[in-house]
Amino acid sequence: MKRPTAYLAGIGKYAPTRILKNADFAAMGIDTTDEWIVQRTGIRERHIADATETNTSMSERAARIAMERAGVQAGEIDVIVLGTASPDRLLPATAVELQAALGAKRAAAFDVMAACSSFLYGLIVAEGLMQSGAAETCLVVGTEKLSSIVDWKDRSTCVLFGDGAGAAILKRSRGGRGILSTFFRSDGTLAELLWRPGGGAALPFDEQVLQDRSFYIKMEGREVFRHAVRSMTEATDRALDGAKLTGADIDLLIPHQANMRIIEATAKHAAIPMEKVFVNVDRYGNTSSASVAIALEEAQASGRITDGMNVLLVAFGAGFTWASLVIRF
Ligand SMILES: CC(C)(COP(=O)(O)OP(=O)(O)OC[C@H]1O[C@@H](n2cnc3c(N)ncnc32)[C@H](O)[C@@H]1OP(=O)(O)O)[C@@H](O)C(=O)NCCC(=O)NCCS
């Protein structure tokens, strides 16, 4: 186990106030039921941004809370790494819009796009920059306005996702707490199982893309499920190995909140009992890049994380991408 370089000095989140319950889909003309959604996914409701809310505005609110909790001013931030699969614009990065909103004048700001693994990828990138000496204080954000990129005519996807943002300030470790191990991987051969085929440079936005609705999220649910379980279990093993720990040493597992059945399979594989697993998928749905960040904030704010605890983060997403970290708080 290496000596930790970076620790999470402050965590914040923001979720839009508008809540869409499973029962509300019927009134939107979507052929689904609360029973189907709860049984297959564990999701009961999700937060949905209004027209005025953007990734920039949501992540600014989350970031300001993280900064206050960490005692960090905007001018002290060296790097902003922002993960999102639903950027406010295709150009420039949402991270620079957040930088401007925060007034973080000396920061270098850029997006990472690793879908639901983005927040974990962001933490790993930021930690690496701190190890190299390129940064002392980093802001890592996961934010999504997925309601703007899901196909509200496709019941197999639109019931799954939600909006929100989470943020963490990373500072240099003192006293052995911080990131103990990291692991990340990708497999681009499986990209077409979960993607937005149209609207980018390969298939620029035009009448055909509009007609095919190919700028919205397309997913092969069953295949994604299978790979998600396999990758999340691999990732938990690798982060535990890296930290020279076992499931028994983990005080809290915070998995990506996509589906209750995937969460249960991941915990079972790592021999971590469900009492030590943080779950909020029932109240948020899948918020992709924001998922683990929001869960981390809720776990800490509710007292489930206390000093000295070993916390295992694990995520899986489109790409495919998967990642994990063990953090000592
Ligand atoms: C999406 C998911 C919940 C679907 O569950 P499933 O058991 O695999 O269901 P299927 O896709 O095989 O569909 C089964 C039936 O339910 C129907 N169905 C799909 N969505 C539905 C909905 N919202 N309401 C009611 N019925 C629905 C399908 O049309 C299908 O009907 P059919 O048998 O008559 O053809 C599940 O595959 C899953 O969670 N996959 C992983 C998704 C994920 O987490 N993605 C993000 C990864 S980061």
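**Two domains and a shared ligand shell**

In this predicted model, the C-alpha centres of domain 1 and domain 2 lie 14 Å apart. Domain 1 covers residues 6-176, while domain 2 covers residues 179-328. The contact between them takes 46 residues from domain 1 and 43 residues from domain 2, and the shell around the ligand draws at least three residues from each of the two domains.

**The side of domain 1 that touches domain 2**

- Strands and helices both take part on this side, since at least two residues each are supplied by the strands β1 (6-14), β3 (45-47), β6 (138-145) and β7 (163-172), and likewise by the helices α4 (118-132) and α5 (155-158).
- Of the elements on this side of domain 1, α4 gives the most, with seven residues.
- Sorted by class, the side of domain 1 that touches domain 2 holds 22 nonpolar residues, together with 16 polar and eight charged ones.

**The shell around the ligand**

- The ligand is surrounded by 19 residues, of which T32, S156, G221, F225 and A258 are the closest.
- At least two residues of this shell come from each of α1 (34-41), α5, α7 (221-243) and β12 (310-317), and α7 gives the most, with five residues.
- The residues of the shell divide by class into nine nonpolar, seven polar and three charged.

**Where the two topics meet**

- Helix α5 supplies at least two residues to the side of domain 1 that touches domain 2, and α5 also supplies at least two residues to the shell around the ligand.

Notes:
Residues are numbered from 1 along each chain as its sequence is written. This is a predicted model: local features need pLDDT of at least 70, side-chain atom pairs count only at pLDDT 80 or more; totals for chains, interfaces and linings use all residues. Domain bounds come from an automatic or database domain assignment. Two residues are in contact if their C-beta atoms, placed from the backbone, lie within 7 Å. Helices (H or I, at least four residues) and strands (E, at least two) are DSSP runs, numbered from the N terminus. Ala, Val, Leu, Ile, Met, Phe, Trp, Tyr, Cys and Pro count as nonpolar, Asp, Glu, Lys and Arg as charged, and the others, Gly among them, as polar. A residue is near a molecule or strand if its C-beta atom, placed from the backbone, lies within 6 Å of it.
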